[in-house]
Amino acid sequence: MGRKPDPAKPHYGGGSASPKTARRAQPSPVFLGTALFVLGFVSLFTGHIVTDADWSRIRSRWRSNQVRNTEPIDIWKSRYSNLYYGCSGRSPKLRSAVPENSSTGYLLIATSGGLNQQRIGITDAVVVAWILNATLVVPELDHHSFWKDDSEFSDIFDTDWFISYLSKDVTVVKRIPYEVMISMDKLPWTMRTPRKSMPEFYIDEVLPILMRRRALQLTKFDYRLANDLDEELQKLRCRVNFHALRFKKPIQTLGKKLVRRLRVMSSRYVAIHLRFEPDMLAFSGCYYGGGEKERKELAEIRKRWDTLPDLSAEDERTRGKCPLTPHEIGLMLRAVGFGNETYLYVASGEIYGGEETLRPLRELFPNFYTKEMLAGDDLKPFLPFSSRLAAIDFIVCDESDVFVTNNNGNMAKVLAGRRRYMGHKRTIRPNTRKLNVLFQTWNQTGWDTFSRKVKKIQRGLMGEPDDPRHGRDDFHEMPSSCICQRVPVNRSATMQTRNLLSQVR
């Protein structure tokens with residue numbers, strides 16, 4: 001017990017990879033033209049032959065910007081998705097897991113929030129354990145938040161698989177051994193780290209306490225680790241999130257059964273995370289025209305969060321912070337090209353306003369299904385547990401041909417990142433700021449005009465690999481360190497891939 005990380009090496013990269021480079025703004029066409037001209041003179045006067053890669057990198061930035069604005073989009077699948085794949089294998093240079101009896105101590109984690117917020121916390125907990133050379137105790141799930149779910153980690157995730165899969169990276173145990181507990185002078189120390197703390201914070205502030213007390217619990221552990229990390233640690237995040245966190249067999253079985261039932265009816269389907277529950281609307285501070293009754297109901301729910309500021313509903317809508325209504329989601333989907341024969345799977349809890357709120361969406365898409373409709377009595381064992389129900393929705397949404405988000409919440413981020421990692425399946429995020437303006441007058445214009453405007457607004461948010469506005473600031477949504485390009489089979493494909501990659505980078 002007590003091996004401290006080597007201070008002569010980077011604490012969080014094993015000395016094996018360079019830090020993530022800063023993201024740069026897109027150059028203008030004038031700049032690109034000038035750059036091409038300069039490169040030509042460099043070749044002429046220095047004898048240096050500018051490589052095909054050099055030229056294509058510069059040309060592609062200008063070309064991709066033009067193509068993106070004119071190229072027709074297949075709304076079901078990007079033509080470029082097969083050029084990318086998830087790659088998160090561990091580097092042989094990355095320090096291996098520290099044995100339990102040689103570690104700096106036992107790290108306990110208490111997660112916070114709903115299923116996907118906790119998933120992010122668990123992912124980061126593994127990375128923090130690696131940074132600290134600690135033994136990680138299987139994380140404790142949140143039983144006290146709004147959702148009031150008393151499920152344990154082992155009720156939702158395959159614990160043995162989690163421990164086994166991560167064994168080369170971090171030593172994970174189900175509990176602190178009894179003999180260690182009775183030998184400790186004091187109970188594990190409890191602390192809460194600041195949000196998005198850098199690895200250095202954990203080395204300087206957390207590690208000394210862990211080594212002194214032998215066991216330490218970090219509470220409300222969600223988004224407590226910085227977004228930008230060394231590339232090898234980003235890949236560790238991917239290994240945890242996309243591989244180690246596997247749902248328990250009963251959850252997987254039912255989720256896949258619902259997918260099969262949808263596939264029997266249609267070869268493809270769209271999944272929507274509607275996120276129009278009362279708690280979401282109350283938290284957002286938005287108003288949807290329900291009069292004083294709505295204002296009182298949502299204000300009462302909002303009191304559950306002590307730290308929320310007073311918000312102007314109109315300002316929040318202008319800023320694009322208000323979820324679209326089910327009707328507006330339906331209008332957007334019809335406008336971008338999904339016909340009324342499209343099969344919809346709607347992932348949601350209790351919808352504010354009930355069936356009356358859902359009716360316009362059902363009329364636009366009669367082939368409308370939920371887990372309750374597809375599962376029937378099979379769902380009964382899961383009904384008391386909100387996180388297990390969310391896990392079933394997660395599986396069906398993940399397997400969909402197209403996934404549509406309605407807010408920038410944790411499920412939307414995690415699923416968008418996973419779908420990118422698993423082959424760039426299309427994920428559509430509404431441009432709520434601009435759509436909210438358009439929907440105020442949508443029925444005053446012809447359908448063709450409305451559809452054209454929606455398609456223009458949604459450019460860059462339709463789930464293309466080179467979408468410039470898709471989650472660049474959140475690694476869980478855009479796990480760029482874990483996405484690689486396939487080796488193209490011909491020169492034309494090579495150029496196409498390079499053009500796309502220049503935008504992703």
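Let me begin with strands 7 and 8 of this predicted model. Strand 7, residues 270–273, and strand 8, residues 344–347, run parallel and are joined by four bridges. Within that pairing, Ala271 stands opposite Tyr345 of strand 8.

These two strands belong to an open sheet of five, with parallel pairing and the order 9-8-7-10-11. At its edges are strand 9, residues 368–369, and strand 11, residues 426–428, each of which pairs on one side only. Helix 17, spanning residues 410–421, packs on this sheet and touches strand 7, strand 10 (402–405) and strand 11. The direction of helix 17 makes about 155 degrees with that of strand 10.

I turn now to the interior. Tyr345, which we met opposite Ala271, is also among the residues with the most contacts inside the largest nonpolar core. That core has 72 residues, and the others on the list are Leu107, Leu132, Leu136, Phe162, Leu218 and Phe247. Which helix supplies the largest share of this core? It is helix 3, residues 115–132, with 11 residues. The core also draws on two domains: at least three residues come from each of domain 1 (103–243) and domain 2 (249–276 + 323–485).

Phe247 deserves a closer look. Setting aside neighbours within four places in sequence, Phe247 is in contact with Leu115, Arg119, Ile156, Phe157 and Asp158, and also with Gln252, Ala391, Phe394 and Ile395.

Finally, apart from this largest core lies another, of 37 residues. Its members include Leu274, Leu324, Val336 and Met462.

How values were computed: Residues are numbered from 1 along each chain as its sequence is written. This is a predicted model: local features need pLDDT of at least 70, side-chain atom pairs count only at pLDDT 80 or more; totals for chains, interfaces and linings use all residues. Side-chain values use heavy atoms; hydrogens and water are left out. A nonpolar core is a set of buried Ala, Val, Leu, Ile, Met, Phe, Trp, Tyr and Cys residues joined through side-chain atoms within 4.5 Å. Buried means under 20% relative accessible area, exposed over 50%, partly exposed in between (1.4 Å probe, protein chains only). Domain bounds come from an automatic or database domain assignment. Contact means heavy atoms within 4.5 Å. Two strands pair if DSSP finds at least two bridges between them. Axes are lines fitted to C-alpha atoms, for helices over the stretch in contact, and angles run from 0 to 180 degrees between N-to-C directions.
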